[in-house]
Amino acid sequence: MQEISWSDFEKIMLVAGTIKRVEPFPEARKPAYKVWVDFGPYGERKTSAQITRLYTVENLIGRQIIGVINFPEKQIGPFRSQFLLSGFETEAGVVLSALERLVPNGTRLS
């Protein structure tokens, strides 16, 4: 494990947002959804997420998540990913990072 400095951590924009829209992503190489999230003052952003094993479209809408919003955009097939949806890879599938209580969209993890 490589240690990082506090200033390195401060560069990472880990921000709370609410999932507003989810669509299947049949063009993806691995099963995935297209996910749109409202990050408050940072606007709505979209990503591709391989979270189909544990989540349905219906149970994702309205869920508050943690995203990394300051990575460069990434082309995933015909789709542009604008943030990284954080989660934990398990044998059962990816478990989304979740908040214990609701916070305003755009609140930064500290």
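This text walks through a predicted model, from its five-stranded sheet to a surface patch.

Start with the sheet. Five strands make it up, in the order β3-β2-β1-β4-β7. The sheet is open, and its pairing is antiparallel. Its edge strands are β3 and β7, and each of these pairs on one side only. Strand β7 covers residues 84-85.

Look next at the β7 edge. Here β7 pairs with β4, in the antiparallel sense, over two bridges. Within this pairing, G67 stands opposite L85 of β7.

Now go to the other edge, β3. This strand spans residues 44-49, and T47 lies in it. Is T47 buried or exposed? T47 counts as buried because its relative accessibility is 2%, and the cut-off for buried is under 20%. The side chain of T47 also has a polar partner. A polar contact of 2.7 Å links it to the side chain of S81.

Which residues does T47 touch, once its neighbours within four places in sequence are set aside? The list starts with Y33, K34 and V35, and continues with F79, S81, Q82, F83 and L85. Two of these names turn up elsewhere in this account. L85 is the β7 residue that stands opposite G67. Q82 leads to the next stop.

That stop is P72. This residue sits in the loop between β4 (64-68) and β5 (74-76). P72 and Q82 are ten residues apart in sequence, while their C-alpha atoms are 7.1 Å apart in space. Why is P72 classed as exposed? Its relative accessibility is 68%, and exposed means over 50%. So P72 is exposed, whereas T47 is buried.

Finish with β8 and β9. Strand β8 holds residues 87-90 and runs antiparallel to β9, with four bridges joining the two. A hairpin connects β8 to β9 through two residues. Strand β9 takes in residues 93-96, V95 among them. Which residue stands opposite V95? It is F88.

F88 and V95 also meet in a second feature. Together with L54, they form a nonpolar patch on the surface. The accessible area of the three together is about 250 Å². V95 has a relative accessible area of 32%, so this residue is partly exposed. That value lies between the cut-offs of 20% and 50%. It also fits the patch rule, because patch residues need over 30% relative accessible area.

How values were computed
Residues numbered from 1 in each chain as written. Predicted model: local features only at pLDDT ≥ 70, side-chain atom pairs only at ≥ 80, totals over all residues. Heavy atoms only, no water. Buried < 20%, exposed > 50% of the residue type's maximum accessible area, 1.4 Å probe, protein only. Polar contact = N/O pair within 3.5 Å; in protein donor to acceptor, adjacent residues only side chain to side chain. Contact = heavy atoms within 4.5 Å. Patch = residues over 30% accessible without salt bridge, like charges linked within 9 Å, V, L, I, M, F, W, Y side chains within 5 Å. Areas by Shrake-Rupley, 256 points an atom, 1.4 Å probe, with all protein chains shown as cover. Salt bridge = Lys/Arg side-chain N within 4 Å of Asp/Glu carboxyl O. Pairing = 2+ DSSP bridges.
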